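This briefing covers the ligand surroundings, the domain division, one sheet and the database annotations of the structure shown below. Please read it alongside the sequence and the coordinates.

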Amino acid sequence: MSKPRILIARAVFPEVIERLSQYFEVQTNQADEIWSKAEFIARLQGQVGVFTTGGERIDAEVLAACPALKICANMAVGYNNFDLNAMSKAGVLATNAPDVLTETTADFGFALLMATARRITESEHFLRAGKWTKWGVDMFAGAEIHGSTLGILGMGRIGQGIAKRGALGFGMNVIYHNRSRLDAGLEAECKAKYVSKEQLLASADHLVLVLPYSASSHHSIGAAELTQMKPTATLINIARGGIVDDAALAAALRDKCIAAAGLDVFEGEPAVHPDLLNLPNVVLTPHIASATLPTRLAMCNLAADNLIAFLQGKPALTPLNA
Ligand code: DGY
């Protein structure tokens with residue numbers, strides 16, 4: 001009997017392809033080309049499953065053009081590339097890759113916070129440019145981290161990881177805002193206090209964004225919110241581009257409405273708003289919060305587990321619309 005056909009939309013670890021090839025006829029993209037939507041649709045013809053990385057949009061148009069498709073397995077926790085309503089209507093299962101990246105992503109969120117608040121990349125550029133001629137008392141003086149107030153917007157698993165790092169590792173006073181309040185046990189574990197969004201914006205010395213992207217979280221941080229923040233505050237976005245209005249943020253950073261920002265995700269990435277590229281008080285990284293080899297391998301393997309389970313008639317491990 002012929003094996004079911006699946007498509008892996010981007011280059012992945014060879015061991016993942018090898019594993020999947022035991023169960024499926026696998027079409028790969030090891031050249032790591034970025035396909036247009038038309039090309040993606042063409043390559044999806046006859047495939048029953050697709051391994052996506054978070055950049056490939058699965059919407060009504062794709063689903064209508066690919067009637068054989070039964071499962072889309074994202075190797076990312078975020079799934080804003082999936083139109084879940086359209087997928088459910090078409091009877092196509094969506095899965096994501098939660099949990100396996102939580103600690104790694106929280107580590108990175110903290111690394112970006114520290115690099116931003118302590119002006120690490122800005123001072124490194126200064127040194128590499130040969131501008132360091134003398135030590136200075138207030139040279140690259142940054143913001144305090146220990147003992148400061150850490151604000152977290154979006155208190156899922158990654159938010160909780162950041163809260164614990166801040167409270168337990170750096171003695172920070174942790175406040176958060178979320179759609180729903182955590183139960184008392186989890187709040188105590190994270191040493192985090194629930195506040196309104198207004199209080200969060202006004203009180204945070206460092207505000208970390210970890211909420212999922214959706215139409216309702218689009219531009220959660222725009223000009224109005226930025227003006228409510230402290231002029232000494234740092235803003236960290238490791239969630240999704242589009243949660244922050246990047247043009248408004250660039251203006252706020254230019255006008256010193258807030259002190260600094262650390263951004264791992266961007267509206268329209270991999271394009272980055274040109275005004276951000278020209279500012280010294282922003283640390284920019286190319287969507288790498290979960291990028292350690294063990295974590296990226298675990299994310300790929302979880303996507304592969306979902307494909308294997310579903311196509312063997314078993315329940316998927318991490319379904320989104322089952
Ligand atoms: C995720 O898993 O959502 C990360 O942002 C990587 O895409």
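The shell around the ligand consists of three nonpolar and three polar residues, with no charged residue among them. The model is a predicted one, and the protein in it is divided into domain 1 and domain 2. An open sheet of five strands, paired in parallel, is described further on.

**Ligand surroundings**
- The ligand is surrounded by Gly54, Ala76, Val77, Gly78, Leu101 and Ser290.
- Charged residues are absent from this shell, which is divided by class into three nonpolar and three polar members.

**Domain division**
- Domain 1 is made up of two segments, residues 5-98 and 293-311, whereas domain 2 spans residues 102-284.
- The centres of domain 1 and domain 2, taken over C-alpha atoms, are separated by 32 Å.
- Four residues from domain 1 and six residues from domain 2 take part in the contact between them.
- On the side of domain 1 that touches domain 2, one residue is nonpolar, three are polar and none is charged.

**The five-stranded sheet**
- The strands of the open sheet follow the order β2-β1-β3-β4-β5, and their pairing is parallel.
- At the edges stand β2 (25-27) and β5 (93-95), each of which pairs on one side only.
- Neighbouring strands of this sheet are turned against each other by 15° on average, with direction ignored.
- Strand β1 (residues 5-8) pairs with strand β3 (residues 49-52) in the parallel sense, over three bridges.
- Within this pair, Ile6 of the one strand stands opposite Gly49 in β3.
- Helix α13 (residues 293-311) packs on the sheet and touches β1, β3, β4 (71-74) and β5.
- The direction of helix α13 makes about 160° with that of β4.

**Database annotations**
- UniProt, in an unreviewed entry, lists residues 110-289 as "domain: D-isomer specific 2-hydroxyacid dehydrogenase NAD-binding".
- Over residues 110-289, the chain is 35% helix and 16% strand, and the end C-alpha atoms are 10 Å apart.
- The UniProt annotation "domain: D-isomer specific 2-hydroxyacid dehydrogenase catalytic", likewise from an unreviewed entry, covers residues 6-321.
- The span of residues 6-321 is 37% helix and 14% strand, and its end C-alpha atoms lie 20 Å apart.

Notes:
Residues are numbered from 1 along each chain as its sequence is written. This is a predicted model: local features need pLDDT of at least 70, side-chain atom pairs count only at pLDDT 80 or more; totals for chains, interfaces and linings use all residues. A residue is near a molecule or strand if its C-beta atom, placed from the backbone, lies within 6 Å of it. Ala, Val, Leu, Ile, Met, Phe, Trp, Tyr, Cys and Pro count as nonpolar, Asp, Glu, Lys and Arg as charged, and the others, Gly among them, as polar. Two strands pair if DSSP finds at least two bridges between them. Helices (H or I, at least four residues) and strands (E, at least two) are DSSP runs, numbered from the N terminus. Axes are lines fitted to C-alpha atoms, for helices over the stretch in contact, and angles run from 0 to 180 degrees between N-to-C directions. Two residues are in contact if their C-beta atoms, placed from the backbone, lie within 7 Å. Domain bounds come from an automatic or database domain assignment. UniProt positions are given in the numbering used here, feature names are shortened, and annotations may be inferred rather than shown by experiment.
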